[in-house]
Amino acid sequence: MTAPVRVAVPRKGRPLEAVLDRFAARADATSVADDVVSTLRYEKAVTKDEQTADRGVYERLAAYSEPAEPREPDFTLLRDARAGKPRRVVFDSLTLDVEGTPVQLVGREEPFRALRTHEFALGFDSADLVLEEVVQLEPEPLSTIADLNDRIDPHDTDVRVVSGLGDTVYHTLLATPAAMQSVGAEELDRAFLAAYEGDVCISPRYERLVRAVLGTDATEGVEFVYPDAGREEEAAIADVGVGVYLTVTGSTAREHGLEVGERLFPSETVLMENQSEAGGEDVQAVKRALAADADETAIPPQ
């Protein structure tokens, strides 16, 4: 029996759903993908006390998982970061056929790092983590997924981005009208930030990402500050005057009196390969099958 190609995937959340959508389309796996997504959405609601479960977490886990059946999804338990650290059911593994090649999806908390340590040849993760960990900071801004590989030092990692999946939410520049008026700006874009000096409110885990997408020239004279624990990001940005936030619609920002400005960088799930591990014909066949279509975020091979 042919050994499956192992692919690292997120354990939960929007990136995993994007990956499952891709496999549903490329591996005729719509039913099982829908089952995994609905199970994890229910478990998220239970963890957030938005849903009341009629069984204990171990009973639910036993009902969801069939470890003896590799073609059925398997789940596991992790401690959630919420108060009290409840146990949360998350994705563990599933084996599918992709154009005749068996592929095992393996859940990892940090798929990108699993590729960096050569555990996998292929994997999916948020492009944000690539920016946070390996892209070089340069004076010019980084604005597209297609430019990511040009910013990766080949001496730092063998991982490269193959394509994006199109599940795009943008890191967006937000500011109050008063902050814009302070520098005489009519447009809320990178040029505004280059002229602005003062505090910029961001999530603390995104400082390196923000420096990369704005460019080091634009961040001169800027001091990054962070929302207090439990405080809504848009409210904190309104207090500070300027910020960068992962914006879906912008409606909440406007409720806080903020202008919604330039989309700085797409927070998108990406397919990646570790080039030193991806030489096998079966791995390359799977990569080609899973990569972006022409109208998606394709990246020219390097």
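**View 1. What lines the largest pocket, by residue class.** In this predicted model, the lining of the largest pocket splits into 21 nonpolar, 17 charged and 10 polar residues. That makes 48 lining residues for a volume of about 1,300 Å³. Look around the centre of the pocket and you'll find Gly13, Arg14, Pro15, Arg205 and Tyr206 lying nearest to it.

**View 2. Who supplies the pocket lining.** Helix H1 (13-26) gives the most, with six residues. At least two residues each also come from helix H2 (30-47), strand E5 (122-126), H5, E7, helix H9 (233-240), E10 and helix H10 (251-255).

**View 3. Helix H8 and its surroundings.** H8 spans residues 207-214, and Leu209, Val210, Ala212, Val213 and Leu214 are buried in it. Those buried residues pack against quite a list of partners: helices H5 (127-133) and H7 (190-195), plus strands E7 (169-175), E9 (222-225), E10 (242-247) and E11 (259-267). Just past the end of H8, Gly215 takes a positive phi of about 90°.

**View 4. The largest nonpolar core.** This one holds 42 residues, and the members touching the most others are Val130, Leu131, Leu148, Phe192 and Val242. H8 chips in the largest share, five residues. Apart from this core sits another one of 40 residues, including Val7, Leu16, Val19 and Val32.

**View 5. Zooming in on Phe192.** Skip the neighbours within four places in sequence, and Phe192 is in contact with Leu173, Ala175, Ala179, Met180, Val183, Ala185, Glu187 and Val242. Val242 also turns up with Phe192 among the core residues that touch the most other members.

Methods: Residues are numbered from 1 along each chain as its sequence is written. This is a predicted model: local features need pLDDT of at least 70, side-chain atom pairs count only at pLDDT 80 or more; totals for chains, interfaces and linings use all residues. Side-chain values use heavy atoms; hydrogens and water are left out. Buried means under 20% relative accessible area, exposed over 50%, partly exposed in between (1.4 Å probe, protein chains only). Helices (H or I, at least four residues) and strands (E, at least two) are DSSP runs, numbered from the N terminus. Contact means heavy atoms within 4.5 Å. A nonpolar core is a set of buried Ala, Val, Leu, Ile, Met, Phe, Trp, Tyr and Cys residues joined through side-chain atoms within 4.5 Å. On a 1 Å grid over the protein atoms alone, a cavity is a set of points where a 1.4 Å probe fits but cannot get out, and a pocket is an open set with protein on both sides within 12 Å along at least five of seven lines; lining residues have an atom within 4 Å of a point. Grid points are joined across faces, edges and corners, and a volume is the space filled by probe spheres set on the points. Ala, Val, Leu, Ile, Met, Phe, Trp, Tyr, Cys and Pro count as nonpolar, Asp, Glu, Lys and Arg as charged, and the others, Gly among them, as polar.
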